[in-house]
Amino acid sequence: MSFAQSVSANLPALQVVLPLLAAPLVLLLRSARAAFALTLVVSFACLAIAIALWQQVDASGPIFYAMGSWAPPWGIGYYVDKLAAFMLVLVSLTAAVAVPYSRASLAREIPADSHTLFYVMFLLCLSGLLGIVITGDAFNLFVFLEVSSLSTYVLIAFGRDRRALVASYQYLIMGSIGATFIVVGVGLLYLMTGTLNLVDMAERLADVRSSRPVLAALAFLTVGISLKLALFPLHQWLPNAYTYAPSVVTAFLAATATKVSVYVLIRFYFSVFGESLVFHKLPLPEIMLWLSLLAMFAANFVAIFQNNLKRLFAYSSVAQIGYITLGLSFDSVNGLTASIVHLFNHGIAKGAIFLLIGGIVLGIAKPGAVAPAPTFDRLAGLAKRMPLTCFGIVLAGLSLIGVPGTAGFVTKWYLILAAMERGQWWLVGAILLSSLLAVAYVWRFVETAYFRAPPADAENPAQLRNEAPLSMLVPAWLLIAATFWFGLDTSLTIGTALEVAQQLVRGQ
Amino acid sequence: MNRQLVLRVIAKLMIPFILIFALYVQFHGDFGPGGGFQAGVALAAGVIFYALIFGLARTRRAVPDSLLDGMIAGGVLLYGGVGVAGMLLGGNFLDYFVLDADTVIGQHRGIFWVEAGVGITVSSVMLRIFYLFADRANLTESERDHPEGER
């Protein structure tokens, strides 16, 4: 077998192994510059692998990869289908955008001697998230969940603000509770089926679907995963974690971590437990519907009154997750399509916003000083000094609102379609009304940045152009361009999501 | 506790045996109870015992931090390297069957090096954690010298 063939046959393993092994290598390098270079190469290689896997799946159907050549269900198998490939592209794309950005941002946000450690943790987090998506083994999924979570706790704690430590600790406690619930759920499923392979598990569950341990497993998994994806009442860890983490971490996590958890939920609901159990026999759809609505309204409402821009958009994330779970609760092709496509659409828009906020944080910092929090009083008149950054946030904000022409609109369109299919017109109203709340908080930024007079303190003359460096602007603007591209040309995103949704909903 | 003669003598007597036992657990893991994780813990316990009796500074001279960092990364790389070797020899990741013409020997070879990687990383991580905790008094002082930004 030639080298190229061998690489192409091992792509599913390389997708995870590459960042996983790059992490200890970076630790050995001990030079921040070399660490950055290696992380950059690896993140781009990961993106290339994800795209190659996508093409393979597109051309010849799902890929199965047996770890250590142990045949399933005995060995751990990696399983890449359309949905997994879609998520792999999202996660590795975000990483490939975040890493070039990270250098300039980290230089001001993290002490120089921890840059190497930062990249080690970043690579581990990346490989954990990719592993969650790609694995076809329930316990392996839990292990990767822990790999990504543990590295995330450290990444958040890198924040310069001391409250980052508390935020990280809070997330550690909540995340560990979530992980415990997930492992209990997986354990119960193993007890009932005797297998950890997800495909095998789904087949064997057919006989024992309504038994009590399986229902308990469903409950444990639902609560555990909901904690990780920050479903409304379980979202308490998210605002602090996003607010105090370094900018690049916030952007990366906002676009990937919660999204991957939603992916896990979809996998368990539709592929393992099966639609009939989750959506027809239990009152789960109703519960999820109301929690999603609460998230959409309460979190959006709270967001309007935040004084810290990062925290504002963190609450907005909780609300946007509400849209995703709302789509899930419909249990229809259009609803699920909206959920899946919003994983991507929200990921790129929110990623862009947090990347740009990272630029603001540097822009409002006094030279040489630690970057301050982006509170609204510091943002007054900022559009004059950082026109590209501010305009970018407004554009990405349009996608959060769901203005036609942006990716956010596509999602809401399908959500509304799904609501209308069920004849629930009041839900259509609710979706539109919650979008109005998003208008309110985006407008608040516009008003402050564009129409308010800059603060009078002399250290930062108002007329001075103080734009973020290009290495930070270009990645963010790439994501903004993508937000508009996928708002107008939906053949890739909606095409995939629709195909996956049809398979999943029809599959049972 | 450096002045306690009994402790010092007992420690010097016992530590070599602890370390040998760790190696036994490591290499016997293929056939009986044991393996890299347990061996790593036992090995680290031997060094921690030394640190308790003879002090952190002397231990750090014997087992320096840089060595530990190298071991932490090296163990993971050894483990992953076995997996990559499987791929290079034409199998899947972590494929031990292809490591030797005889698949049973191949399995043996694979698990031996994987467990070695686990042992190296576990022992060094254990010690690193111990160093971090034992060193906390100094750490807070240096933090006082370079206060973190507070806003």
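A nonpolar core is a set of buried Ala, Val, Leu, Ile, Met, Phe, Trp, Tyr and Cys residues joined through C-beta atoms within 7 Å. The exercises below concern a predicted model.

**Exercise 1.** Identify the residues that touch the most other members of the largest nonpolar core, and state which helix gives the most to this core.

*Solution.*
1. The largest nonpolar core holds 226 residues.
2. Within this core, the most other members are touched by M87(A), L88(A), L123(A), V133(A), I156(A) and A352(A).
3. With 19 residues, helix 11 (residues 247–273) of chain A gives the most to this core.
4. Domain 1 (1–176 + 236–271) and domain 2 (283–508) of chain A each supply at least three residues to this core.
5. Beyond its neighbours within four places in sequence, M87(A) has contacts with V133(A), V260(A) and Y263(A).

**Exercise 2.** Determine how helix 6 of chain A is oriented relative to helix 7 of chain A, and describe their contact.

*Solution.*
1. The axes of helix 6 (residues 138–157) and helix 7 (residues 163–193) of chain A come within 9 Å and cross at roughly 175°.
2. Angles over 145 degrees count as roughly antiparallel, so helix 6 of chain A is roughly antiparallel to helix 7 of chain A.
3. Helix 6 of chain A contributes residues including F139(A), F142(A) and I156(A) to the contact, while those from helix 7 of chain A include Y171(A), G175(A) and L189(A).
4. By class, the residues of this contact comprise 17 nonpolar, 3 polar and 1 charged.

**Exercise 3.** State how many residues each chain brings to the contact of chain A with chain B, and classify the side of chain B.

*Solution.*
1. Chain A brings 22 residues and chain B brings 21 residues.
2. The side of chain B that touches chain A divides into 9 nonpolar, 7 polar and 5 charged residues.

How values were computed:
Residues numbered from 1 in each chain as written. Chains lettered and ligands numbered in written order. Predicted model: local features only at pLDDT ≥ 70, side-chain atom pairs only at ≥ 80, totals over all residues. Axes fitted to C-alpha atoms, helices over the stretch in contact; angles between N-to-C directions. Helix = DSSP H or I, 4+ residues; strand = E, 2+ residues; numbered from the N terminus. Parallel < 35°, antiparallel > 145°, perpendicular 65-115°, else oblique. Contact = placed C-beta atoms within 7 Å. Nonpolar A, V, L, I, M, F, W, Y, C, P; charged D, E, K, R; others polar. Buried ≥ 20, exposed ≤ 12 C-beta atoms within 10 Å, placed from the backbone. Domains from an automatic or database assignment.
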